[in-house]
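This report walks through one protein chain for a reader who has not met it before. The sequence and the structure come first, and the description follows.

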Amino acid sequence: MKALTVTAAIVLSALLLCVAWLAFFPGGSADQVVTVSVSPPPPKPPAPPPPAPSAGPQIDLPPGFGITPSRPQSAPGGTPVAQQQQAANQPQSGAQPAPQRSDPQQTAAVSPPPPLPPPPESETASITLVQVPVAELVEDSQYGPLPKVAADGRRPIDVYARPSKYAVKAADQPPRIAVLINGMGMSDAATAEAIKGLPAPVSLAYGAYGRNLQDWVTKARAVGHEVLLQIPLEPQDYPTNDPGPHTLLTTLPPDENMKRLQWLMSRFTGYVGITNLMGAKFETTQDAFVPVLEEVKARGLMFVDDGTTQNSAGGQIAGTIGLDYGSADVDIDAVPSPDSIAKALTHLESLAKERGSAIGVASAKPATIKQLAQWAGQLQGKGFVLIPVSAAVRSQRQS
């Protein structure tokens, strides 16, 4: 019995020792190894590419500023770039031409242009002018549609002009008078009266700040009037006398003036040329005026000076660069009284007899328009011919 008790005590002690050992060393005599799986972090998404540079900064005022102006592209010698590239792309002899994909726009571009209307038998006869715009004569720009020379060489001055048999200088022609009305589009009543009341050969110049300009141009051309664009140029007393926020200034670098010019040019389509609003200082500053007239020529337009600026450099510049250019001989309503207008018209007739042709300018004032309409109705009986300004400019250049 005593032996049994001793044995039980030994067994119990052994069990207590085992329990104590397991409590302090649960893994037994071997160290426990813990394996930790570490996953790499997920890859970061690729950074977005930087935004492509825009055509120009955001525009506040005036609209169109801060954008690099486009220039009509032409090859040396006047060959349009499109024709030069076409010649360069022709396969050489023996070379296998690359397959060409059909391009509907390219197919349309090579279709023959619509024929221009022939000159009327009588200068005052009714005639249907080309519907504007002609797609081949329009360049899309940041500002809007700009005129350009077509790939086949057609110019706005040729396509948009009112046809006249007197555009070609010839012997034994009667004395010819052209009249340009400035300031169109500023007053709806005066604009409508000029379109309706004046003979169709009278040319109309619309200011760039007018309202509904394209509609008015369409109405004028529908009854046979050719149109011009009137742009503001810096006068001597600027800014006391300010022609508007897009006035071309002698103090601006050429690029800034080009932006303003192209904004002005984009106001409507279908004009044959440019004429000035003011500009006594700008037209006498060659460094400022040369780039403007070069742009006018590059876009296939003419320039008609209203003749109010003495010592204008326009004629000299035009002769150097080969620009179709004319200058008005008489400011018809410089003094807007009936007697002064009548004297100015008599002087215009005398100059036409002396030189063969003469150009007069007038403003779109109701009283002036009414007196001009009465005078124009008597011209044929006096032996004169009323012709469009474009015809007078082109015939003068031939002489």
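Arg-394 is buried, with a relative accessible area of 18%, which lies under the 20% limit used for that word. The model in which this value was computed is a predicted one. The side chain of Arg-394 meets that of Asp-158 in a salt bridge, with 3.6 Å from N to O. This pair links distant parts of the chain, since Arg-394 belongs to helix α13 (residues 389-398) and Asp-158 to helix α4, and the two residues are 236 apart. Asp-158, unlike its buried partner, is partly exposed, its relative accessible area being 27%.

**Salt bridges**

Across the whole structure a search finds twelve salt bridges. In another of these, the side chains of Arg-155 and Asp-324 meet at 2.9 Å, N to O. Arg-155 sits in the loop between β2 (145-147) and α4 (156-159), while Asp-324 sits in the loop between α9 (314-321) and β8 (325-327), so the pair ties together parts that are 169 residues apart in sequence. With 24% relative accessibility Arg-155 counts as partly exposed, whereas Asp-324, at 5%, counts as buried.

A third pair lies within a single helix: Glu-256 forms a salt bridge with Lys-259, and because the two are three residues apart in helix α7 (residues 254-265), they are separated by about one helical turn. Here Glu-256 is partly exposed at 23% relative accessibility, and Lys-259 is buried, with a relative accessible area of 9%. Returning to the other two pairs, salt bridges that share partners join Arg-155, Asp-158, Asp-324 and Arg-394 into one network.

| Salt bridge | N to O distance |
|---|---|
| Arg-155 and Asp-324 | 2.9 Å |
| Arg-394 and Asp-158 | 3.6 Å |
| Glu-256 and Lys-259 | 2.8 Å |

**Helix α6 and its surroundings**

Which residues of helix α6 (residues 213-222) are buried? They are Leu-213, Trp-216, Val-217, Ala-220 and Arg-221. Seen down the axis of α6, these buried residues fall within an arc of 130 degrees, so they line one face of the helix. The general geometry is that an α-helix has 3.6 residues a turn, so residues three or four places apart point the same way. The buried residues of α6 pack against α5 (188-197), β4 (203-207) and β5 (227-233). After the helix comes Gly-224, whose phi is positive, near 105 degrees.

**Two residues in later helices**

Glu-349 lies in helix α10 (residues 338-355) and counts as buried, at 11% relative accessibility. Leaving aside residues up to four places away in sequence, Glu-349 touches Ile-177, Trp-375, Leu-379, Lys-382 and Phe-384.

Gln-374, in helix α11 (residues 366-376), is partly exposed, with a relative accessible area of 49%. Its C-alpha atom is separated by 9.5 Å from that of Gly-197, although the two residues are 177 apart along the chain.

**Confidence in the model**

How confident is the predictor, and where does its confidence stay under 50? The mean pLDDT of the protein is 82, and 71% of its residues reach 70 or more. Over residues 28-38 the pLDDT stays under 50, and the model has one contact beyond four places in sequence for this stretch. Residues 74-109 also stay under 50, and for them the model has 16 contacts beyond four places in sequence.

Terms used:
Residues are numbered from 1 along each chain as its sequence is written. This is a predicted model: local features need pLDDT of at least 70, side-chain atom pairs count only at pLDDT 80 or more; totals for chains, interfaces and linings use all residues. Side-chain values use heavy atoms; hydrogens and water are left out. Buried means under 20% relative accessible area, exposed over 50%, partly exposed in between (1.4 Å probe, protein chains only). Helices (H or I, at least four residues) and strands (E, at least two) are DSSP runs, numbered from the N terminus. The arc is that of the directions from the helix axis to the C-beta atoms. Contact means heavy atoms within 4.5 Å. pLDDT is the predictor's confidence in each residue, from 0 to 100. A salt bridge is a side-chain nitrogen of Lys or Arg within 4 Å of a carboxyl oxygen of Asp or Glu.
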